[in-house]
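Here are some short exercises on strands and helices. Have the structure open beside you, try each task, then follow the solution step by step.

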Amino acid sequence: MKFIVFASILSSGIIKLSNAACGGPYAQCGGSGFSGEACCQDGYKCVAMNEWYSQCQAGSDAPANSAAPVNSAVGNDNNNNNNQWNNQWNNNGWNWGNGNNEAQNPWNNNGWSWEGGNNGNQDQNQWDNNGWPWGGNNGNQGPVQVNIGENNNQNQNPANDAPAPPPAQGQAPAPAPAAAAGGSGSSQNFFQNEIYANPKFIEEVDSSIAKLDGELKAKAEKVKSVPTAVWLAWDGAPGEVAQHLEAAGSKTVVFIMYMIPTRDCNANASAGGASNLQTYKGYVDSISNTIKKYPNSKVVMILEPDTLGNLVTANSENCKNVHQLHKDALSYGVNVFGSMSNVSVYLDAAHGAWLGDSTDKVAAVVKEILSNAPNGKIRGLSTNISNYQPVDSEYGYHQKLASALSAAGYPDMHFVVDTGRDGVAISSGTWCNLIGTGFGERPKGNPNPGMPLLDAYMWLKTPGEADGSSTGARADPVCAKSDSLPGAPDAGQWFHDYFVQLLKNAKPAF
C-alpha cells in the first residue's frame, strides 16, 4: 500500500514537472528547426501560425503534453541580451513584467500583463491575470524584452494574401520602381487618423508618477495620453499583435519591427535579433497573417531602426559580414508588409547627423532593397529614432534624401520624424541617455504645411526607456561618457531619472 501511494505521488510529480517544462501562454512551441519544448501547459494548445512559428494559445483541445506541429520559427537563442531586469509591479491596470536571467517574477493583476525580459535562457515567469497576457520566450524558457532601446546615433490584400518571396541573390532585379507595385496601404498617410497609445508606456509613466508630486506629477499625468510606437523586438512579438489591433479599434497602430538577425551590429547595448534569416521571415509572415485578420485596422510598420545606417557607413567586420543578410531581410519585410492594403511601410534611415552627407549612398542601398521586393511598396522613411536632432535639420535631410531617391527612380517619398526626445537642441555625438534633452512635439499627422514631405511627428523610441548602460554584461562605452546621464539600466528598461529630465525640459511644455 505504501508503495502504491509512493508511486502515485511520484507519478503526479512527474506529470507536474513535465507540464512545467511545457510552454506557457504565447510561448513558442514548435516550428521548422525549433529545438525547445514542443508542448504547452494545461489550458493551452499549440497553434501553428506558419511554417516557422507555432505558439501556445488558450484552449484545451489537445493534451497539455502533446507534441506541437513541426511548423514554427527556429528559437531565437540570442544570448547577447542578458539585461538584468527584475521589476515587480502589482497593479489594477496594465502590468508589464520584465524577466531576467534566472529570475522568478510573479504578477497578479486585473488588467493586461506584459512579459518582458532579455533572453534569459532559464527564466520561468508566472502570471495570473484577468486581462490580456503578453509573454513569450526567446527560443529557450524565458521571456525577453518587449522594447529594446535603440542606439548607434541613431485589410488585407485579397489579391495577394501570400506575397512571393524576394528574388534569389543574383537574380535580375524587377525593373519597375516601388511606386508601381505593392498594396494601397503605402499610398496613404495613416498618421492623419487618431493614433493608438501603447499601454506599456502608460504603465511605465504610472510607475514614475508614483514617485512624483506637485507640478511634475500633474505634468506626468498628461504625458500618459501621448501615443507611442509598439516595438516588435522579441520572438514572442507575433503573439502580441492581435491584442494591440483589438485594443486600437479604428485607431492607427504604429509598429516598429526590430528583429533583424545580428541587430545593432556596430554596438552592444541592443544587440540581438532573430537567429537567422529564415526565422526572421517566419516572424514577418506570422505578424502579417495576424494583421490580415483585421482588415479594417490601420497599421504603420517601420522596419529595422539603424540597419540602413549601418549598411551605408558601418565598416566593422561584425557589420560587413551581414550586409547582404540585412538587405535580404529588409527586402522580405517590404515585400510582405508593403503588399498589404491596410499597412503603410517606412524604412528607417537613421538621422541627418549620421547620413546627411551620404544621401546618394542611402538612395542606392534603398533602391537595391526595393528592387528585390517586387510585390511591396514603401510609403517612405523614418528618421531620428532614439536620437535628438531638431525637426528643422531633419527636414533638410528629408529633402536631400527625397531628391536622391527620386533620381534613383523612387519619387514621392514621405517621412516620419521621431520627436520624442528632441525638444532641446543639443549638439553631441553621444546617443546614449544624453543629458539635457526634453520631450519634443507631440505626435501628429501632416504637422507642418511648410514641410509637405513630412507625414508625421511621432514618438517612436519610447521616451523614458534607457538607451543602454555603462555597467553589466551589455555595457556600452558610449553610455559612460560625461554627457550621458549616469545610473541607467540596460537598454529598453524604464529609466525614471531620464523620464523626469525629459519632462522638465519638454518643449512645448506640458
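**Exercise 1.** Find the bridge partner of Val299 in β12.

*Solution.* This is a predicted model. Go to Val299 and look across to β12: the partner there is Val343. Next, widen the view to the strands themselves: β11 covers residues 298-303 and β12 covers residues 343-348. They run in the parallel sense and are joined over five bridges.

**Exercise 2.** Place these strands in their sheet and find its edge strands.

*Solution.* Start with the order, which reads β9-β10-β11-β12-β13-β14-β16-β15. That gives an open sheet of eight strands with mixed pairing. Now look for strands that pair on one side only: these are β9 (230-232) and β15 (444-445), the edge strands. Finally, add a helix: α11 (residues 391-407) packs on the sheet and touches β13 (380-383), β14 (414-418) and β16 (454-458). The direction of α11 makes about 150 degrees with that of β14.

**Exercise 3.** Work out how helix α5 is oriented relative to helix α8.

*Solution.* First, locate α5 (residues 277-292) and α8 (residues 323-337). Their axes come within 10 Å and cross at roughly 15 degrees. Angles under 35 degrees count as roughly parallel, so α5 is roughly parallel to α8. The crossing of the two is right-handed.

Then see which residues meet. On α5 they include Leu277, Tyr280 and Val284; on α8, Leu325, Ala329 and Tyr332 are among them. Sorted by class, the contact of α5 with α8 has ten nonpolar, two polar and three charged residues.

Notes. Residues numbered from 1 in each chain as written. Predicted model: local features only at pLDDT ≥ 70, side-chain atom pairs only at ≥ 80, totals over all residues. Heavy atoms only, no water. Pairing = 2+ DSSP bridges. Helix = DSSP H or I, 4+ residues; strand = E, 2+ residues; numbered from the N terminus. Contact = heavy atoms within 4.5 Å. Axes fitted to C-alpha atoms, helices over the stretch in contact; angles between N-to-C directions. Parallel < 35°, antiparallel > 145°, perpendicular 65-115°, else oblique. Left-handed = near helix turned anticlockwise from the far one by under 90°. Nonpolar A, V, L, I, M, F, W, Y, C, P; charged D, E, K, R; others polar.
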